[in-house]
Amino acid sequence: MKTIYSLMFTVAVTFLAMFSFSNVSFAAGESQYDLIDGKQVSTNANDPKVKHIYYTGDEQGNEVRLGFTTQQKVDDYIKNEKKVEKESSVSSNFETLGSGIGGSGTCCTDFYTDANKWGPYIKVRVGDSIPNITSSLGRTWNDVISSISTANTGSTYLYQHEYASGGYIRFNNAYYWGKTINLSNYKFSNGVSANNNASSVYVIK
């Protein structure tokens, strides 16, 4: 009988050790966001709740990736950000690369077909949009945007599908003004690569 109890005890301890090890093995990793809903996070536990991604810069000029669980929270954050930032005055630690065909300047965001602001481009003024690239510019412009040069005010959005549908990505123009955004380095909010995948673009005041 003692042998049976001893065996049962050994099995129980073994399962307990396996369970404990399993918890350690599947412990939450580091979050992919610098902040979620404006708050610092230490693990990726809340990452699945993120529905909106906003790229901007911190006071040191470093790029930061912010996650938000609701549209209202990202809008409130940006409103507050606009109150404290001095437009076009953030120092850049990005390499500013030359454009093959020039650019539009502060008024507009330019969308290029090639990386590093090369190749043909289209410009969208702050406050304007192209909700359906195919119907407005033809199929040759759909899903070909690879790099961006932003205006110096507002925000630039790219959507995976027409009429602001599907995954999207949003950039703070004031921070990225004078820099080169290569979309191969970014993903839409649904995890799909933003490179050569945009079907509608908006430049919001």
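This short talk goes through the fold content, the aromatic contacts and the disulfide of one chain.

Please note that this is a predicted model, in which local features need pLDDT of at least 70 and side-chain atom pairs count only at pLDDT 80 or more, while totals for chains, interfaces and linings use all residues. Residues are numbered from 1 along each chain as its sequence is written, and side-chain values use heavy atoms, with hydrogens and water left out.

I begin with the chain as a whole. It contains four helices and eleven strands; both are DSSP runs numbered from the N terminus, helices being H or I over at least four residues and strands E over at least two. Of the 205 residues, 38% are buried, where buried means under 20% relative accessible area, exposed means over 50%, and partly exposed lies in between, with a 1.4 Å probe and protein chains only. The exposed area of the chain is about 11,400 Å², of which carbon and sulfur atoms supply 54%; areas come from the Shrake-Rupley method with a 1.4 Å probe, and for residues only the protein chains shown count as cover. As for contacts (heavy atoms within 4.5 Å), among those between residues at least 6 apart in sequence, 58% join residues at least 24 apart.

I turn now to the aromatic rings. The whole structure yields twelve aromatic pairs. One of them joins Y112 and Y121, a tilted pair with 5.0 Å between centres and 35 degrees between planes. Here rings of Phe, Tyr and Trp (its six-membered ring) pair if their centres lie within 6.5 Å; planes under 30 degrees apart are stacked, over 60 edge-to-face, and the rest tilted. Y112 is buried at 1% relative accessible area, whereas Y121 is partly exposed at 25%. A single aromatic cluster is formed by Y55, F171, Y175, Y176 and Y186.

Y175 also has a charge over its ring: K179 lies over the face of Y175, 4.0 Å from the ring centre. Likewise, the charged end of R170 sits over the ring of Y54, at 5.7 Å from its centre. The criterion is NZ of Lys or CZ of Arg within 6 Å of the ring centre and within 35 degrees of the ring normal.

Finally, which cysteines does a disulfide join? The disulfide links C107 to C108, with an S to S distance of 2.5 Å; the rule asks for cysteine sulfur atoms within 2.5 Å, and the count by it is one. The link of C107 and C108 is left-handed, with -90 degrees about the S-S bond. C107 is partly exposed at 26% relative accessibility, while C108 is buried at 0%.
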